[in-house]
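Okay, thanks for coming, everyone. I'll put the structure up on the screen and walk you through it, starting from a single residue and working outwards.

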Amino acid sequence: MVLIESVTKRFGANLALDSVAFSVAPGCIYGLVGTNGSGKSTLLRLISGVYQADAGQIVVDDAPVYENPEQKRRVFFVSDDLYFPPQATLDDMRLFYRSAYPQWDEARYQRLLELFPIGERRKLSTFSKGMRRQAALILALSCAPEYLLLDEAFDGLDPVVRHAVRRIISDMISEYHMTVVISSHNLRELEDFCDRVGLLHHGKLLLECAMDDIQLGFCKVQAVFRPLPAGEITLDGIRILSREVRGSVVTLVCAAGEEEALAAVNRLSPILAEAVGLSLEEVFIYEMEAVGYDYSKIVF
């Protein structure tokens, strides 16, 4: 288990993480989402022992990873900003990681090379972005880590390779009970892949829940009123993330299940009301707007 307890991290005057706390159960695929600069990459570097927390602590199976070589051998971090030595080939990196990770699985490495024939004798500096990402994932999976940390791991991969990598990771979780923490801006992809999700914004954890709770715990209700209720519509015991009124139609985004929200709206006697569930991307947008992130000011 990864246990993150009130972790704070600063870089000079910049507060990257502010008292973040949650846990990742063994065998879980945990998704980190958030705005740019929200602290996702910093958190992954803290879990992997690259950084040390300024306050709070992170432990993996009851032991810290920072400056703990034995624990680091159980964790593999694939950074968003990949680095390989200038003249290195994939085979060179194989030899390096094989010496660093006692549990290196040569048979798996060879199988992955067959699945992703990118050439182990070519210099990695000549690879495209997607090929470098494939190389990093081949090495990561061959190290057979108990904890795999992926920062934008699917960025640059074509759909076929992306699907294959997800399948391989899922198989390894089933076979070896591997735990995965993955950050991504592709919320649709995480929605189909993750067991739990955490939403970071300005270094704070705004939301942390199981993916099933996204389906059961958020919804959008549209209701027709004639006349409209006086004043701002509120629902007893339900947090409303967004309100919109167009003519006689009121749209409410609620942090509640469809049945609960619809029952609360029906108590206001609308002519008609219906509720629909929200995707992870929709929840992300509405939660950001609720804390003042104004998407209407973004010019595309």
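Let's start at Ser48. Leaving aside residues up to four places away in sequence, Ser48 touches Val65, Lys72, Val75, Phe77 and Leu149. One thing to say before I go further: this is a predicted model. So where does Ser48 sit? You'll find Ser48 in the loop between α1 (40-47) and β4 (55-60). And is Ser48 buried or exposed? Buried, because its relative accessibility is 9% and the cut-off is under 20%. There's also a pair to look at here: Ser48 and Gln71 are 23 residues apart along the chain, and 9.1 Å separate their C-alpha atoms.

Let me zoom out for the whole chain. The protein chain has ten helices and 14 strands. Along the principal axes, its C-alpha atoms fill a box of roughly 75 × 40 × 40 Å. The domain assignment splits the chain into domain 1 (2-213) and domain 2 (219-277). How far apart are the centres of domain 1 and domain 2? Taken over C-alpha atoms, the answer is 40 Å.

A few overall numbers while we're here. Out of 300 residues in the chain, 50% are buried. The accessible surface comes to about 14,700 Å², and carbon and sulfur atoms own 50% of that. If you take the contacts with a separation of 6 or more, 66% of them are between residues 24 or more positions apart.

Now, the pocket. The largest pocket has a volume of about 500 Å³. It has 21 lining residues, and the closest to its centre are Phe76, Phe77, Phe96, Tyr97 and Tyr101. You've met Phe77 already, as one of the residues that Ser48 touches. Which elements give two or more residues to this lining? Those are β6 (75-78), α3 (90-100) and α5 (129-142). By class, the pocket lining breaks down into 15 nonpolar, three polar and three charged residues.

Between two of those elements there's a proline to point at. Pro86 is in the loop between β6 and α3. With 53% relative accessibility, Pro86 counts as exposed, because the cut-off there is over 50%. In space, Pro86 is 7.6 Å from Leu124, C-alpha to C-alpha, with their positions 38 residues apart in sequence.

On to the enclosed spaces. How many cavities of 30 Å³ or more are there? The count is two. The largest cavity holds about 50 Å³ of space, and its lining is Phe116, Gln134, Leu137, Ile138, Leu141, Val161, Val165 and Ile168. The elements that give two or more residues here are α5 and α6 (159-176). Of these, α5 gives the most, with four residues. That's the α5 we just saw contributing to the largest pocket. By class, the lining of the largest cavity has seven nonpolar residues, one polar and no charged ones.

The second largest cavity comes in at about 40 Å³. Around it you have Val33, Val197, Gly198, Leu199, Leu207, Leu280, Val283 and Phe284. Both β9 (196-201) and α10 (280-290) supply at least two residues each to that lining. The class split for the second largest cavity is seven nonpolar, one polar and no charged residues.

Last topic: backbone oddities. Most residues other than glycine have a negative phi, and most peptide bonds are trans. With that in mind, here are three places to look.

Glu152 has a positive phi, near 50 degrees. Glu152 is in the loop between β7 (147-151) and α6, and it counts as buried, because its relative accessibility is 12%.

His202 also has a positive phi, near 50 degrees. His202 lies in the loop between β9 and β10 (204-210). Is His202 buried or exposed? Exposed, because its relative accessibility is 59%.

And the third place is a peptide bond. Arg226 and Pro227 are joined by a cis peptide bond, with omega about 0 degrees. Pro227 is in the loop between β11 (219-224) and β12 (240-246).

That's my tour. Happy to go back to any of these views.

Technical notes:
Residues numbered from 1 in each chain as written. Predicted model: local features only at pLDDT ≥ 70, side-chain atom pairs only at ≥ 80, totals over all residues. Heavy atoms only, no water. 1 Å grid on protein atoms, 1.4 Å probe; cavity = no way out; pocket = protein on both sides within 12 Å on 5 of 7 lines; lining within 4 Å. Points joined across faces, edges and corners; volume = space filled by probe spheres on them. Nonpolar A, V, L, I, M, F, W, Y, C, P; charged D, E, K, R; others polar. Domains from an automatic or database assignment. Buried < 20%, exposed > 50% of the residue type's maximum accessible area, 1.4 Å probe, protein only. Contact = heavy atoms within 4.5 Å. Areas by Shrake-Rupley, 256 points an atom, 1.4 Å probe, with all protein chains shown as cover.
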